[in-house]
Amino acid sequence: MLDKRTVRDLDLQGGERVLVRVDFNVPLEDGRVTDDARIRAALPTIELLLEAGARLILCSHLGRPKDREPETSLKPASDRLRELVDAPVEQAGAVVGDEVRAAVDALEPGSILVLENTRWEPGEKANDAELARELASYADAYVNDAFGAAHRAHATTAGVAEHLPAVAGLLLEREVNTLDGIVENPDRPLCVVLGGAKVTDKIALIDRFLDTADSVLIGGAMCFSFFRAQGIPTGDSLVEEEGVELARRALEKAEGSSCRLLLPVDLVLGDRFAADADRRELEGVDVPDGWMGLDVGPETAAAYAREAAAAGTVFWNGPMGAFELEPFSGGTRAVAEAVAAAPGTTVIGGGDSAAAIASFGLADQVTHMSTGGGAALELLEGKPLPGVEALDDE
Ligand code: ADP
Ligand code: MG
């Protein structure tokens, strides 16, 4: 459970300037936001502060700018925010500087100034003390609601907290408490579904859940490192060689564990990674040469669906196959539908799995969709998150 002060603990009289680190790192197309889930997820904190009469200074990174590239401007995000909140929203032209300071000085209570992309400043990722001090000088308090960036020790996620009363936003609080709950005292059985491309990305999680979960279900390209470790032919499937030894150790650990480690029992094959590839279903998992496993098969999907339905808690991260290619999206869709329909607590760990469940229109049918992929995984692995650590203790 979060042991930090939260935005509810700020004793606001009205008129205070509050710097809020949000996660507006949203997908854009032609200068418009194509998925505003992260912006909507920040609204409870923003609205609470507006109701208290605060003057809000929001900041976020967006994408991976190398310079001040206009296509990485926060403007599309602030345009979307303006449609969602009942308050004036102004977009600044920079992160810091005289013009920003003037805009901060002119800010009225109950209104919002959105700073530019924090990564336009090289000091952001370097956690530069000067940048942190400058940002802190604009405000009376700091709120971190950017769970998706909490695994980074950057100037706006960690550095600035040294100079101001620093508290958690409501989204960050909910993310930490929900994810902590999965490791600390989940409703059992705890079923963990892991897919995606690489074992090396998820091995720490597999290792941890073999100690704490009741079942770990493996899908995605990751399963081929396990099959390789078992001496099963993988054909032309994507196999992460570095992952094979890790998979072998996980299999060994699972033997002495009360947690069941489940691997696919059938597959969908393609002759190449393309939507118009030749496609066939394979009973069993011995992939012939010339073919690659691009999805789990229907029997696997049904077995995983049964596990999810019987679970007290389901945690899911990583698609079951190459779900971006329609002919190979069936396993991911079946698991998404099963998780959405499961009666227990259901938590999606961000990243591509969140994108998948959203693309199937099932996002509102799970208990919690994390807004942070990397941050969610690191928290579950038991790593401290610098953006949380930096906040004031309760
Ligand atoms: P997440 O972001 O949810 O953690 P990852 O980034 O680890 O998930 O993995 C997602 C990627 O894995 C997707 O782009 C998907 O196409 C790919 N993938 C999953 N299964 C396969 C497969 N069998 N063969 C090739 N690529 C796969
Ligand atoms: Mg991903």
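What follows is a short chat about helix packing, cores and one buried serine in a predicted model.

Q: Before we start, what kind of model is this?
A: A predicted one, where local features need pLDDT of at least 70, side-chain atom pairs count only at pLDDT 80 or more, and totals for chains, interfaces and linings use all residues. Residues are numbered from 1 along each chain as its sequence is written, and side-chain values use heavy atoms, without hydrogens and water.

Q: Okay, how do α11 and α12 cross?
A: The axes (lines fitted to C-alpha atoms over the stretch in contact) of α11, residues 298-310, and α12, residues 330-341, come within 9 Å and cross at roughly 15 degrees. The two helices are therefore roughly parallel, a label for angles under 35 degrees.

Q: Which residues make that contact?
A: With contact meaning heavy atoms within 4.5 Å, α11 brings Ala301, Tyr304, Ala305 and Ala308, while α12 brings Gly331, Ala334, Val335 and Ala338. Seven are nonpolar, one is polar and none is charged; Gly counts as polar.

Q: Switching topic, how many residues are in the largest nonpolar core?
A: It has 76, being a set of buried nonpolar residues (under 20% relative accessible area) joined through side-chain atoms within 4.5 Å. Phe315 is among those with the most contacts inside it. Helix α8, residues 199-212, gives the largest share, six residues.

Q: And what does Phe315 touch?
A: Its partners include Leu179, Phe209, Ile348 and Leu380, leaving out residues up to four places away in sequence.

Q: Last one: is Ser225 buried or exposed?
A: Ser225, in helix α9 (residues 223-229), is buried, at 1% relative accessible area.

Definitions and conventions. Chains lettered and ligands numbered in written order. Axes fitted to C-alpha atoms, helices over the stretch in contact; angles between N-to-C directions. Helix = DSSP H or I, 4+ residues; strand = E, 2+ residues; numbered from the N terminus. Parallel < 35°, antiparallel > 145°, perpendicular 65-115°, else oblique. Buried < 20%, exposed > 50% of the residue type's maximum accessible area, 1.4 Å probe, protein only.
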